[in-house]
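This briefing concerns the surroundings of the bound ligands and one helix that takes part in them. Please read it alongside the sequence and the structure shown here.

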Amino acid sequence: MLFGRNKKNPVKMVDKGIQKWTYATCGYCSVGCAIEVGTNAEGKVVGSRGVAGADVNRGKLCIKGIFEHELFESEGRGDNPLVRESIHQGYRETDWDTAAAKVKNEIRRIQETHGRDSFAIVSTGQLLTEEFYTLGKLTRGIIGTNNYDGNTTLCMASAVSGYKRSFGSDGPPGCYEDFEHTNCLMAWGSNLPEQHPIIYWRLQEAREKRDFPLIVVDPRVTMLAQKADIHLAITPGTDVVLQNALMHVILKEGLEDRDYIEANTNGFEQLETEVQKYDPTTAAAICGIDEDTIRNVAKIYAKADSAMSIWTMGINQSTHGSDGVVGINNLNLITGNVGKKGGTSLSITGQCNAMGTREWSSCSGLPGYRYLENAEERAEVAKFWNVDPEFFPKKRGLAQTDIFPAIETGEIKGLWLVATNPMTSMADTERTRKILEKLDFLVVQDCFADVETTQYAHLYLPAATWSEKEGVYTNTERRVNVVRKVTEPHGNSKSDLQIFNLIASQFKQSEQMNFPAEPANVFEEMKTLSKGRLVDISGMDHDLIEKSRGIQWPYTEQQADSGETPPPGGKRLYTESGTFRFADGMAKLIPLPFIDNNEVPDEQYPFWLNTGRLVEHFHTRTKTGKIGNTNKYSPIPFMEINPDAAIELGINQGEYVRCVSRRGDAVVMAMLTQRVPRNMVFIPFHFHDCVNRLTLGLLDPHSRQPAFKQSATRIEILEDQEAAAQLSMEMRRF
Ligand SMILES: Nc1nc2c(c(=O)[nH]1)N[C@H]1C(S)=C(S)[C@@H](COP(=O)(O)OP(=O)(O)OC[C@H]3O[C@@H](n4cnc5c(=O)[nH]c(N)nc54)[C@H](O)[C@@H]3O)O[C@H]1N2
Ligand SMILES: Nc1nc2c(c(=O)[nH]1)N[C@H]1C(S)=C(S)[C@@H](COP(=O)(O)OP(=O)(O)OC[C@H]3O[C@@H](n4cnc5c(=O)[nH]c(N)nc54)[C@H](O)[C@@H]3O)O[C@H]1N2
Ligand code: SF4
Ligand SMILES: [Mo]
């Protein structure tokens with residue numbers, strides 16, 4: 001019947017008159033989907049489609065990718081640089097040369113008065129890699145501040161720190177193809193179906209072909225937890241305890257891989273001594289997972305021929321973020337699950353180019369995973385850039401989360417923010433506001449003029465975005481993929497590369513250095529610097545990358561010369577015994593004592609405050625808030641609350657309530673759902689003046705990443721619902 005009807009009236013796609021498709025890579029999340037963007041006869045961008053031949057997404061896109069092309073002409077884009085003398089005045093338009101000169105003059109004025117490091121730079125995970133590299137060269141080679149970091153401290157810092165502590169280098173060792181080989185997958189604090197929909201689809205497809213256990217560790221019943229064989233609704237912030245208990249059982253039962261441990265690791269005895277303290281009974285009382293389940297999961301994981309762990313912000317955004325990553329690595333090292341098909345520690349990254357900034361931005365070091373602390377590596381880069389090696393600092397400076405407090409104490413007087421919106425994304429909004437107001441000079445470089453942070457800036461630089469420019473991103477599985485220019489930058493905006501080059505040209509030192517104007521030429525510099533490094537990209541170029549629909553690093557010159565097609569790229573790292581990045585080639589097993597230092601619910605603030613994301617919105621909604629087809633699904637701030645808790649408090653579905661924490665308050669609509677336990681609420685962080693007014697954001701000691709997911713709150717009923725609705729509306733920008 002249905003067949004007959006379809007036959008008569010086949011589904012017809014609207015003909016948008018697309019004349020040309022241009023290749024790009026999605027600029028939202030780190031999955032790295034290949035997109036083709038369609039332009040019509042008038043040169044107007046009118047549609048998008050997934051690239052069928054791209055291994056990552058195989059023709060699919062999620063809701064954000066499908067409508068991404070609507071960004072170019074969306075409301076609030078910046079047309080011209082804007083300037084003002086004080087944040088209490090209105091902005092006036094200015095030209096690019098005046099704006100660039102102002103940046104240079106303010107940087108030098110502040111540095112000359114207060115010292116080199118008194119001017120800070122905070123960038124992002126959302127630029128093209130060539131832009132990151134260029135900003136790094138400008139910062140490390142010319143400006144010379146050591147207080148240079150990225151919003152990735154809010155996001156990937158714990159993963160980076162954990163990889164470095166365990167393996168001696170950053171760099172996720174696995175790939176999506178591992179789903180097709182694994183015999184057990186454990187997902188820690190990761191809501192894949194909403195946050196990485198296409199990776200989730202790859203996982204589901206693998207499970208449909210060949211079933212294997214999926215174990216999800218998340219205090220919320222997320223979409224992924226609903227699909228799991230075993231859901232471990234862990235007490236927030238206690239993943240390390242569960243990891244130690246799993247290892248306790250594995251070692252007690254003799255399920256570890258002795259050969260692998262001996263050939264690849266140091267520190268086994270110390271680890272063994274520590275995990276002895278975490279018997280399942282003791283651990284259950286802390287992490288909230290019953291002891292039988294702990295034993296069961298430990299056996300499933302250790303007995304699987306290959307087992308892998310993926311994780312995202314539920315691990316990274318914790319006071320034990322770095323330890324949680326090391327704990328996952330420990331678990332995989334003792335079971336011989338690193339560098340093998342289906343056996344890996346795969347950090348699911350966040351922003352489209354969270355990897356590119358780690359590899360090439362020089363934020364926490366120097367390009368190509370080089371360390372500032374290493375004299376040889378400093379000398380190598382200094383020679384290549386033609387700068388004095390003594391100009392480089394000998395150790396990394398402050399992370400973003402330490403830069404802001406240093407503004408508070410007056411050590412830092414000037415700040416350049418590139419593609420990040422801390423007024424909405426950092427913990428404790430009121431504190432952030434006061435901090436930004438304290439600055440002598442703030443310059444914000446963003447593709448939208450109406451981001452909250454520009455309200456505190458002295459200078460706004462309008463940037464082009466996504467495929468208004470050309471360059472590469474690296475995705476979660478180390479795949480480098482290219483974005484081609486589809487359309488001209490909006491208004492008088494410039495690509496971030498052009499902006500960095502223009503600013504560099506204001507400084508005399510740039511005369512002795514090279515700042516290529518073309519992204520492909522910047523890529524050539526990166527290739528040279530990558531030779532022989534873990535992150536070797538010397539066999540790639542933009543054309544080959546497009547032709548191959550993305551190439552995984554390492555991909556060397558020698559591999560390219562051999563002419564193998566498609567280019568093989570590096571599917572996995574550490575596949576050979578003893579090739580970890582410490583001097584002796586061994587990975588480190590590190591004992592992880594648990595210290596309970598979180599803000600936990602108490603009588604005054606009886607609910608855990610959990611925060612995170614929704615599928616249809618991206619971060620601070622500067623983009624998805626403007627696009628009808630993404631915004632309409634979640635137009636207002638809301639809170640997930642368990643119906644039992646709601647009944648007890650007298651809250652009905654759809655009513656507005658006030659959440660209060662030790663930092664501040666926020667008005668949100670109550671959504672009654674079993675997704676959260678009785679003692680927890682979940683609020684997405686996409687809305688301004690909302691959940692980050694409440695969060696504490698205690699810092700991880702190793703990574704300096706904030707614990708966005710563990711604070712305490714109480715809920716107050718609001719009598720005047722109309723006024724509350726009004727207040728809540730004011731918290732949305734659009
Ligand atoms: N649609 C969409 N996709 C995105 C983004 C977006 O904004 N929107 N952002 C991208 C970026 S930058 C990132 S970093 C990723 C983030 O991707 P995810 O980390 O998957 O997303 P979150 O919602 O932040 O958090 C994931 C889960 O961590 C859980 N969690 C909270 N506390 C704990 C805990 O103590 N232990 C454990 N095990 N879990 C806990 C939360 O309940 C939540 O379900 O998404 C990327 N993809
Ligand atoms: N409570 C809570 N807070 C969180 C989190 C959480 O889970 N809970 N997650 C944290 C995480 S993981 C992250 S990654 C951060 C994200 O925090 P932010 O980085 O502050 O969030 P975005 O909205 O992505 O900001 C990026 C900015 O860059 C601009 N932009 C986009 N493309 C370009 C470009 O090509 N050039 C330029 N110059 N600008 C561009 C956008 O308009 C936007 O203003 O939030 C963190 N904050
Ligand atoms: S899954 Fe991520 S990369 Fe793919 S289309 Fe969606 S937002 Fe873009
Ligand atoms: Mo992130």
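In this predicted model, a polar side-chain atom of T620 comes to 2.5 Å from an oxygen atom of ligand 2. Ligand 2 taken alone exposes 910 Å², of which the protein buries 99%. The points below continue with ligand 2, then turn to ligand 1, ligand 3 and helix 7.

**Ligand 2**
- The shell around ligand 2 holds 34 residues, and the closest are Q126, N151, S425, D446 and T620.
- Two nitrogen contacts involve polar side-chain atoms, one from D496 at 2.8 Å from a nitrogen atom of ligand 2 and one from N692, which also lies 2.8 Å from a nitrogen atom of the ligand.
- Strand 15 (441–446) and strand 21 (607–612) are the elements that contribute two or more residues to this shell.
- By class, the shell of ligand 2 divides into 13 nonpolar, 15 polar and six charged residues.

**Ligand 1**
- Ligand 1 is surrounded by 34 residues, with Q195, D218, M313, R613 and H617 as the closest.
- An N or O atom in the side chain of D218 is 2.7 Å from an oxygen atom of ligand 1, whereas E194 and H617 use backbone N or O atoms, which lie 3.4 Å and 2.6 Å respectively from a nitrogen atom of the ligand.
- Of the 910 Å² that ligand 1 exposes when taken alone, the protein buries 100%.
- Helix 6, helix 14 (313–316) and strand 21 each give two or more residues to the shell around ligand 1, and the residues of that shell comprise ten nonpolar, 17 polar and seven charged.

**Ligand 3**
- The residues surrounding ligand 3 include C26, C29, C33 and C62, together with P197 and I198.
- Helix 2 (63–66) and helix 7 each supply at least two residues of this shell, in which nine residues are nonpolar, two are polar and one is charged.

**Helix 7**
- Helix 7 spans residues 197–209, and its 13 residues reach 18 Å from the first C-alpha to the last, close to the 18 Å expected at 1.5 Å a residue.
- Ten of the 13 residues of helix 7 are buried, so that the helix is mostly covered; among the buried residues are P197 and I198, which also belong to the surroundings of ligand 3.
- The buried residues of helix 7 pack against strand 8 (185–188), helix 6 (192–195), strand 9 (214–217) and helix 8 (223–227); of these elements, helix 6 also contributes to the shell around ligand 1.

Definitions and conventions. Residues numbered from 1 in each chain as written. Chains lettered and ligands numbered in written order. Predicted model: local features only at pLDDT ≥ 70, side-chain atom pairs only at ≥ 80, totals over all residues. Heavy atoms only, no water. Helix = DSSP H or I, 4+ residues; strand = E, 2+ residues; numbered from the N terminus. Expected span 1.5 Å × (residues − 1). Buried < 20%, exposed > 50% of the residue type's maximum accessible area, 1.4 Å probe, protein only. Contact = heavy atoms within 4.5 Å. Near = heavy atom within 4 Å. Nonpolar A, V, L, I, M, F, W, Y, C, P; charged D, E, K, R; others polar. Polar contact = N/O pair within 3.5 Å; in protein donor to acceptor, adjacent residues only side chain to side chain. Areas by Shrake-Rupley, 256 points an atom, 1.4 Å probe, with all protein chains shown as cover.
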